[in-house]
Amino acid sequence: MSAAERTADVTAVGAGSWDVVPDRCTASFTARELKVLDVHGRFPVLSGTVRLDADRTPVSVMAELSAVGVDTGNARRDKDLRGAFLRTEQYPTMRFVGSTVTPSAEGWSVEGTLEVAGTTSPLSLAVEVRAVDDASAEVVATGVVDRVAAGVTRGPAWLIGRTLPVRIEAELRRTGVSA
């Protein structure tokens with residue numbers, strides 16, 4: 001395990017407000033196509049915040065992603081995703097809002113809702129704190145999106161898998177601290 005993959009002491013993340021650094025984040029997913037091919041894609045992260053109380057427990061978690069910016073490495077597939085699947089003309093962004101945060105050995109378990117194309121569905125994320133100092137923290141969140149529950153219903157399950165593993169790698173910067 002490399003130093004970057006080691007879990008940091010979650011209690012080292014200080015109380016206060018932490019903002020996502022969008023150009024230091026990736027939000028990726030994997031879709032199963034025809035039950036044999038993994039299609040990997042990404043969404044640009046637009047913004048996000050994590051607020052921790054005096055006990056260093058997260059009390060709010062929010063992230064916004066660009067649905068318009070979906071990128072699977074295939075222009076035709078991306079155009080189809082922006083169209084009938086994600087309806088990005090009407091819904092250009094996706095939003096995650098955490099409602100319950102529970103400390104875990106590696107970080108936090110976050111229960112919340114994901115809004116995609118006007119539909120809200122539950123999403124659970126396991127968040128690991130990978131590195132932290134007074135001004136920044138690196139976190140990795142993983143979960144599984146049920147695309148049908150999220151309102152992305154075009155395409156049969158035999159063609160496009162129903163579940164999509166997601167992974168968000170993010171750098172957080174303490175509010176008020178310059179890079």
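**Notebook: a pocket, a core and two odd phi angles**

I started with the second largest pocket, which holds about 180 Å³ of space. I then asked which residues line it closest to the centre. Of the 10 lining residues, Arg24, Glu138, Val139, Glu169 and Ala170 are the closest to the centre. Two elements give two or more residues each to this lining: strand S9 (136-146) and strand S10 (163-174). S10 has the largest share, with 4 residues. I also sorted the lining by class and got 4 nonpolar, no polar and 6 charged residues.

A reminder to myself: this is a predicted model.

Next I stepped back to the whole protein. I counted 1 helix and 10 strands. From the N terminus, the order is β-β-β-β-β-α-β-β-β-β-β. The protein has 179 residues, and 40% of them count as buried. I looked at contacts with a separation of 6 or more, and 54% of these are between residues 24 or more positions apart. The accessible surface comes to about 9600 Å², with 54% of it belonging to carbon and sulfur atoms.

Then I went inside. Which residues of the largest nonpolar core touch the most other members? They are Leu86, Trp108, Val116 and Leu125, in a core of 40 residues. I picked Val116 and listed its contacts, leaving out residues up to four places away in sequence: Leu86, Met94, Ala150 and Val152.

Right after Val116 I checked Ala117, in the loop between strand S7 (107-116) and strand S8 (119-132). Its phi is near 50°, a positive value in a residue other than glycine. That caught my eye because most residues other than glycine have a negative phi. Is Ala117 buried or exposed? It is buried, with a relative accessible area of 4%.

I found another case at Arg87, where phi is also near 50° and so positive in a residue that is not glycine. Arg87 is in the loop between H1 and S6. At 32% relative accessibility, I have to call Arg87 partly exposed, because buried means under 20% and exposed means over 50%.

My last stop was Thr88, in the loop between helix H1 (75-85) and strand S6 (93-103). Thr88 has a relative accessible area of 10%, so I put it down as buried. What does Thr88 touch, not counting residues up to four places away in sequence? I noted Ala67, Val68, Arg82 and Gly83.

Conventions
Residues numbered from 1 in each chain as written. Predicted model: local features only at pLDDT ≥ 70, side-chain atom pairs only at ≥ 80, totals over all residues. Heavy atoms only, no water. Buried < 20%, exposed > 50% of the residue type's maximum accessible area, 1.4 Å probe, protein only. Contact = heavy atoms within 4.5 Å. Areas by Shrake-Rupley, 256 points an atom, 1.4 Å probe, with all protein chains shown as cover. 1 Å grid on protein atoms, 1.4 Å probe; cavity = no way out; pocket = protein on both sides within 12 Å on 5 of 7 lines; lining within 4 Å. Points joined across faces, edges and corners; volume = space filled by probe spheres on them. Nonpolar A, V, L, I, M, F, W, Y, C, P; charged D, E, K, R; others polar. Core = buried A, V, L, I, M, F, W, Y, C linked by side-chain atoms within 4.5 Å.
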